[in-house]
Amino acid sequence: MNWPLFPDLAGKVAVVTGGGGAICGAIAHGLAANGVRVAIWDLSEDAARRQAAAIGGNAVAVRCDVLDRNDIARAVDATVAAGGTIDILINGAGGSRKEATTAADLPFFDIEREQLRRTVALNYESAVLPSQAVGRVFAEKKRGVILNIASIAGLRPLTRAVAYSNGKAALVSFTQWLAVHFAREYSSKIRVNALAPGFVLTEQNRFLLVDEQTGQPTARGRQIIATVPQARYGDPSEMVGAALWLVSDSASFVTGAVIPVDGGLTAFSGV
């Protein structure tokens, strides 16, 4: 694929959490095409290795549980040992969970507290903890970029995905808070932004959008396509251009921003 090119990215080192997945995998490919050395952090070592192998020499696989401080510290050490430093952190680990999503057989009243907690942590703490660890590197050298992969669900809650929407809303708030904190306390050259993808069909949301038996869109899927002004799902590759721009020097005066890439969904009032 012909990825957008940002020459200032060449030679930098990036961490991409959740890099074994669809959206962050595409972003990792785009970074590598721009000469960035990419560390693919993923809970699944196999997924990280597959993604790194697909990218080639500019990528290294690092197994990491981004909800475990010790694991994150080990992953930071491994990344710095391989690349010498870290310049970019993309917090992409996250996802929805069926057990924390309302359905005909799971009303809101019956969702277990532990499922709510786990889903919020997966979409919020998964960015906070790596930002603490890698942020120390940025604070020491007075420069760095963090890009959080949020969701339109953090801007406008999805009707069924209660815990996912709550976690992403917390992530949006954290993005804005952290942008101010780093700029005021450490350096104006440390920037923090978020990308808010719309509906992109991935393995994490397929259970909501595609009927497992027929392969056809569910009622939910049909509703989404009818609501998105561009009348389709997004593709992971369509997230890459905005992500590369936000981590490049072309966005040097952009911090605390949350950029929707959603086919116009958040601009549509429904009438």
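**Entry 1, the second pocket.** I began with the second largest pocket, in which about 350 Å³ of space lies. I then looked up its lining and found 15 residues, of which Pro157, Leu158, Thr159, Thr227 and Leu265 are the closest to the centre of the pocket. Sorted by class, this lining has 7 nonpolar, 6 polar and 2 charged residues. I note here that I am working with a predicted model.

**Entry 2, the largest pocket.** Next I turned to the largest pocket, whose volume comes to about 1100 Å³. Its lining is made up of 49 residues, and those closest to the centre are Ala93, Gly94, Gly95, Ser96 and Gln204. I asked myself which elements give two or more residues to this lining. They are the helices H1 (22–33), H4 (113–123), H6 (162–185), H7 (206–209) and H8 (219–227), together with strand E2 (37–42). H4 gives the most, with 5 residues. When I divided the lining of the largest pocket by class, I had 26 nonpolar, 14 polar and 9 charged residues.

**Entry 3, the cavity.** I also looked for cavities of 30 Å³ or more, and the count came to 1. About 30 Å³ of space lies in this largest cavity, and the residues that line it are Val13, Ala14, Arg37, Val38, Ala39, Val60, Thr79, Ala82 and Gly83. Strand E1 (13–17), strand E2 and helix H3 (69–83) are the elements that give two or more residues to the lining of the cavity. E2 was already in my notes, since it also gives two or more residues to the lining of the largest pocket. By class, I wrote down 6 nonpolar, 2 polar and 1 charged for the lining of the cavity.

**Entry 4, two helices.** How do I describe a pair of packed helices? For two packed helices one gives the angle between their axes and the distance between the axes. For H1 and helix H2 (residues 45–55) I noted an angle of about 35°, with the axes 10 Å apart, and the crossing of H1 with H2 is right-handed. On the H1 side of the contact I listed Gly25, Ala28, His29 and Ala32, which meet Gln51, Ala54 and Ile55 in H2. This contact has 4 nonpolar and 3 polar residues, and no charged ones.

**Entry 5, the whole chain.** Last, I stepped back to the protein as a whole, which has 9 helices and 7 strands. Its C-alpha trace spans about 50 × 40 × 35 Å along the principal axes. Because a compact globule of 271 residues would have a radius of gyration near 18 Å, the 18 Å of this protein agrees with that expectation.

Technical notes. Residues are numbered from 1 along each chain as its sequence is written. This is a predicted model: local features need pLDDT of at least 70, side-chain atom pairs count only at pLDDT 80 or more; totals for chains, interfaces and linings use all residues. Side-chain values use heavy atoms; hydrogens and water are left out. On a 1 Å grid over the protein atoms alone, a cavity is a set of points where a 1.4 Å probe fits but cannot get out, and a pocket is an open set with protein on both sides within 12 Å along at least five of seven lines; lining residues have an atom within 4 Å of a point. Grid points are joined across faces, edges and corners, and a volume is the space filled by probe spheres set on the points. Helices (H or I, at least four residues) and strands (E, at least two) are DSSP runs, numbered from the N terminus. Ala, Val, Leu, Ile, Met, Phe, Trp, Tyr, Cys and Pro count as nonpolar, Asp, Glu, Lys and Arg as charged, and the others, Gly among them, as polar. Axes are lines fitted to C-alpha atoms, for helices over the stretch in contact, and angles run from 0 to 180 degrees between N-to-C directions. A crossing is left-handed if the near helix is turned anticlockwise from the far one by less than a right angle, and right-handed if clockwise. Contact means heavy atoms within 4.5 Å. The radius of gyration is taken over C-alpha atoms; the globule rule is 2.2 Å times the number of residues to the power 0.38.
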